[in-house]
Amino acid sequence: MANLPKINIAPSILSADFAKLGQEIHDIEAAGADWIHIDVMDGHFVPNLTIGPAIVKAIRPHTKLPFDVHLMIEPADPYLEAFAHAGADIISIHPEAVSNLGNSLIKVRNLGKKAGVVLNPATPTSSLENIMDSVDLILVMTVNPGFGGQKFIDSQIEKIQIVRQKIDQHIERGGTKIDLSVDGGINVNTAKLAVNAGANILVAGTAAFIDGPSKYARNLADLRNSTMAEI
Ligand code: DX5
Ligand code: ZN
């Protein structure tokens, strides 16, 4: 197989032990994580409350890996600066959580960070029209956001394929690189489906952190190997 893109794994610390986040991040990095995915929930845009900028700032010294901050907060704009200053490298936004998606993406880039757009299962790919030049990452949700440990929604495979086509067309027209990430229910079975459909970043909570630190290297290797196995 020629020219296989590198698959980056972004463990979601939503599934880590919150009582020792620094150690958990160290352990998952040592196990082979490429990015750290941080799920920010406000109990309003999604029915759960998680992490704020103070926590992001506190864990920042524990790794040099990119912080992939997934904002599930509405409104998102008032907090972009706080997450940027706390140490986010990529800040991803749901179109439904801002009044003008294009403006919010530009704000993120003006803060010196990479800008991402997140598509919920019910959010159409038409949301990407006219903003491809302002985006560094497109995140396709394969569960409805709010909680870890949910079942992968198969209908989103077709959406990943469509987004991959849009990214490839954008590159052909001379556009800059855009990563395609998938988030929710990723395991050794669904990771391969997502990668075959065109994803190059895999967010994994449960599958990364299951069975504790002594198994993190195994968990990430299993995920990575599953994407390379013959069909
Ligand atoms: C869901 C979050 C996900 C979640 C993934 O709202 O955006 O990042 O933590 O967890 P798993 O891999 O367990 O589905
Ligand atoms: Zn997420």
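How do the residues of the shell around ligand 1 divide into nonpolar, polar and charged, and what number falls in each class? In this predicted model, where local features need pLDDT of at least 70, side-chain atom pairs count only at pLDDT 80 or more and totals for chains, interfaces and linings use all residues, the shell comprises eight nonpolar, ten polar and two charged residues. Residues are numbered from 1 along each chain as its sequence is written, chains are lettered from A and ligands numbered from 1 in the order in which they are written, and side-chain values use heavy atoms, with hydrogens and water left out. Ala, Val, Leu, Ile, Met, Phe, Trp, Tyr, Cys and Pro count as nonpolar, Asp, Glu, Lys and Arg as charged, and the others, Gly among them, as polar.

Strand 2 (36-41) gives three residues to the shell, the largest share; strands are DSSP runs (E, at least two residues) numbered from the N terminus. Polar side-chain atoms of S12 and H70 lie 3.1 Å and 3.3 Å, respectively, from an oxygen atom of ligand 1, and a backbone N or O atom of G205 lies 2.8 Å from an oxygen atom of this ligand.

H70 also serves the zinc ion (ligand 2) as a donor through ND1, together with H37 (NE2), D39 (OD) and D183 (OD), at 2.0 to 2.3 Å. Donors are N, O and S atoms within 2.8 Å of the metal (3.2 Å for Na, K and Ca); water is not among the atoms, so sites may look incomplete. The sequence spacing of these donor residues is H-x1-D-x30-H-x112-D. Both H37 and D39 are buried (under 20% relative accessible area, 1.4 Å probe, protein chains only).

Key. Polar contact = N/O pair within 3.5 Å; in protein donor to acceptor, adjacent residues only side chain to side chain. Helix = DSSP H or I, 4+ residues; strand = E, 2+ residues; numbered from the N terminus. Buried < 20%, exposed > 50% of the residue type's maximum accessible area, 1.4 Å probe, protein only.
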